[in-house]
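Open the model in your viewer and keep the sequence panel beside it. The stops below can be selected one after another.

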Amino acid sequence: MISRSNLHTHSLYCDGKNSLEEMIGQALSLSFRSIGFSGHAYTGLKNDTCGMSLGATKQYFSELSTLKEKYKDRISVFSGLEIDAVYPVLYPQADYHIGSIHFLPTISGMVTIDDTPKLLKEGIDMLGGPLQLARAYYDTFVDFAKRTDFDIVGHFDLITKFDEQGIPLFDHEDRKYQDIALAAMEAIGDCGKIFEVNTGAISRGYRTQPYPDAFLLRRIKELGFPICLSSDAHRKEDLVFGFEKAEMLLRSIGFTTLTELTDSGFVQIQF
């Protein structure tokens, strides 16, 4: 395993299972150079059970400031947020932002992307089919990337989360679907974003491969867009879950560098 950093992690402040300090302790046990926290940011949605309240967000940044100082001689600790397209607000005290879509507002109503297959299927039916939902999702992601200065693209093709669960909703081999996803990815990459290779759905038993799909990763490599590796960890035990598998996949595609956040900003490390 090459990567010794993870910028997509969660804690008790949102829907994680461990405290910030417990996650840092796990990172130290893995000889990490750095760890970044990306708590789910406030969205204002009544049905959002993961996003932090505004009060909790203030406490989150305060505790992270204390922990940065406490561990500064052992590991770099970065304070980030995972913001959603429904509430695209950047926080000046954050070291970085991950931009994700968990909720998709449409003229037909709100679609919940990654809660249950049933809710996603309801959204597909609401919009008239998988390709219609895919187009709405990816168009929204492009607009989000163009108008919001977040750093990292979170689990880009999250809408495919349940496709290995016996309920295939999106045909990865369907050229129409691929064209929609590829066009969006290229537009977002042109905005200067970093694409995360996210193993979170593997650790939770939904997928056997990371996001994004291999056909997207191949095009990302061709275009030279930067990538980082994350596990979207909600438990300390999952901090590097699937990293070796993801690294093998990335090597097979031809990637030779990963993006890592340092005290001097984002840098490329040899893979």
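Select Ser31, which is exposed, with a relative accessible area of 53%. The model is a predicted one. Ser31 sits in the loop that joins α1 to β1. Its phi is positive, about 60°, although Ser31 is not a glycine. Most residues other than glycine have a negative phi.

Go next to Asp232, in the loop between β8 and α8. Here too phi is positive in a residue other than glycine, near 50°. Is Asp232 buried or exposed? Asp232 counts as buried, at 5% relative accessibility, the cut-off for that being under 20%.

For another backbone feature, select Tyr211 and Pro212. The peptide bond from Tyr211 to Pro212 is cis, with omega near -15°. Most peptide bonds are trans. Pro212 belongs to the loop between α6 (200-203) and α7 (214-223).

Now show the strands as a cartoon. Six of them form an open sheet with parallel pairing, in the order β1-β2-β3-β6-β7-β8. At the edges are β1 and β8 (227-230), each of which pairs on one side only. Helix α1 packs on this sheet and touches β1 and β2; the direction of α1 makes about 150° with that of β1.

Within the sheet, select residues 152-153 and 194-198, which are β6 and β7. These two strands pair in the parallel sense over two bridges. Which residue of β7 is the bridge partner of Val153? That partner is Phe195.

Add residues 243-253, helix α8. Helix α8 lies across β7 and β8 and runs at about 155° to β8.

Finish with residues 54-70, helix α2. The 17 residues of α2 reach 25 Å from first C-alpha to last, close to the 24 Å expected at 1.5 Å a residue. Colour Ala56, Thr57, Tyr60, Phe61, Leu64 and Leu67, the buried residues of α2. Look down the helix axis: the buried residues of α2 fall within an arc of 135°, so they line one face of the helix. Their cover includes α1 (20-29), β1 (34-40) and β2 (76-84). Turn α2 to its other side, where Lys58, Gln59, Thr66 and Lys70 are exposed.

Note on methods. Residues are numbered from 1 along each chain as its sequence is written. This is a predicted model: local features need pLDDT of at least 70, side-chain atom pairs count only at pLDDT 80 or more; totals for chains, interfaces and linings use all residues. Side-chain values use heavy atoms; hydrogens and water are left out. Helices (H or I, at least four residues) and strands (E, at least two) are DSSP runs, numbered from the N terminus. The expected span of a helix is 1.5 Å times one less than its number of residues. Buried means under 20% relative accessible area, exposed over 50%, partly exposed in between (1.4 Å probe, protein chains only). The arc is that of the directions from the helix axis to the C-beta atoms. Contact means heavy atoms within 4.5 Å. Two strands pair if DSSP finds at least two bridges between them. Axes are lines fitted to C-alpha atoms, for helices over the stretch in contact, and angles run from 0 to 180 degrees between N-to-C directions.
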